[in-house]
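The following account leads the reader through one structure, with attention to its aromatic residues and its interior. Please keep the sequence and the model in view while reading.

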Amino acid sequence: MIELFRRAGAHAARTAFRTPAGDTSYAALLQCSSAIAHALLAGSEDLAEERIAFMLPAGADYAAVQWGIWRAGGIALALQHRQAHEGLHAAHEGTATVQAVFVVEAGAFQRLADRFGQRSVHLAATPGNGYGSLGFPRH
């Protein structure tokens, strides 16, 4: 895993994601994933393979959250809308522990996380301001 971040750092100025809203560099991806890892760790050294669920569309936000989980020592559980209930239900039944759920559009998914007693982190989308939902600077 460390090799992934070392290589991304070696290409920091290059574009990692290109969208109509702008480009996201590897440096921005590393910076954002570091902040996510720091928030998840909350003072501890390692998540010790704790499962962290997230539900985001493909793109820079998805990669930053996934990388942040990995950098913190967690296991990333990517959920899709249609499987979110089953994934959180499994966590609630004790087959997996889930520390946090990252989601851009809360709605029913937020209520589902609340129902199963999962801490959730809402990533507010900010269209039109030049930044992605995680605050990526766009070029």
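Which residue lies over the face of Phe5? In this predicted model, that position is taken by Arg71, at 5.2 Å from the ring centre.

Phe5 also takes part in one of the two aromatic pairs that the structure holds. A pair of aromatic rings is described by the distance of the centres and the angle of the planes. For Phe5 and Trp67, the ring centres are 5.4 Å apart and the planes stand at 80°; because an angle over 60 degrees counts as edge-to-face, the pair is assigned to that class. The two partners come from distant parts of the chain, Phe5 from helix α1 and Trp67 from helix α3, with their positions 62 residues apart. Phe5 has a relative accessible area of 14% and is therefore buried, the limit being under 20%. Trp67, at 8% relative accessibility, likewise counts as buried.

The other aromatic pair is formed by Phe54 and Tyr62. Its geometry is also edge-to-face, with 4.9 Å from centre to centre and 65° between the planes. Phe54 counts as buried at 1% relative accessibility, whereas Tyr62 is partly exposed, with a relative accessible area of 26%.

Attention may now turn to helix α3. The 12 residues of α3 should span 16 Å at 1.5 Å a residue, and the end C-alpha atoms are 16 Å apart, so the expected and the modelled span agree. α3 is mostly covered, with nine of its 12 residues buried. The buried residues of α3 include Ala60, Asp61, Gln66 and Gly68, as well as Val65, Trp67 and Ile69. After α3 comes Gly73, which has a positive phi near 90°.

In soluble globular proteins, nonpolar side chains tend to be buried together. Here, the largest nonpolar core has 19 residues. Ile36, Leu40, Leu47, Val65, Trp67, Ile69 and Ala72 are the residues with the most contacts inside this core. Two or more residues of the core are supplied by each of α1 (2–10), α2 (26–41), β3 (51–55) and α3 (60–71). Of these elements, α2 gives the most, with seven residues.

Trp67 thus links the parts of this account: Trp67 pairs with Phe5 edge-to-face, is buried within α3, and is among the residues with the most contacts inside the largest nonpolar core.

Note on methods:
Residues numbered from 1 in each chain as written. Predicted model: local features only at pLDDT ≥ 70, side-chain atom pairs only at ≥ 80, totals over all residues. Heavy atoms only, no water. Core = buried A, V, L, I, M, F, W, Y, C linked by side-chain atoms within 4.5 Å. Buried < 20%, exposed > 50% of the residue type's maximum accessible area, 1.4 Å probe, protein only. Helix = DSSP H or I, 4+ residues; strand = E, 2+ residues; numbered from the N terminus. Phe/Tyr/Trp six-rings, centres within 6.5 Å; stacked < 30°, edge-to-face > 60°. Lys NZ or Arg CZ within 6 Å of the ring centre and 35° of its normal. Expected span 1.5 Å × (residues − 1).
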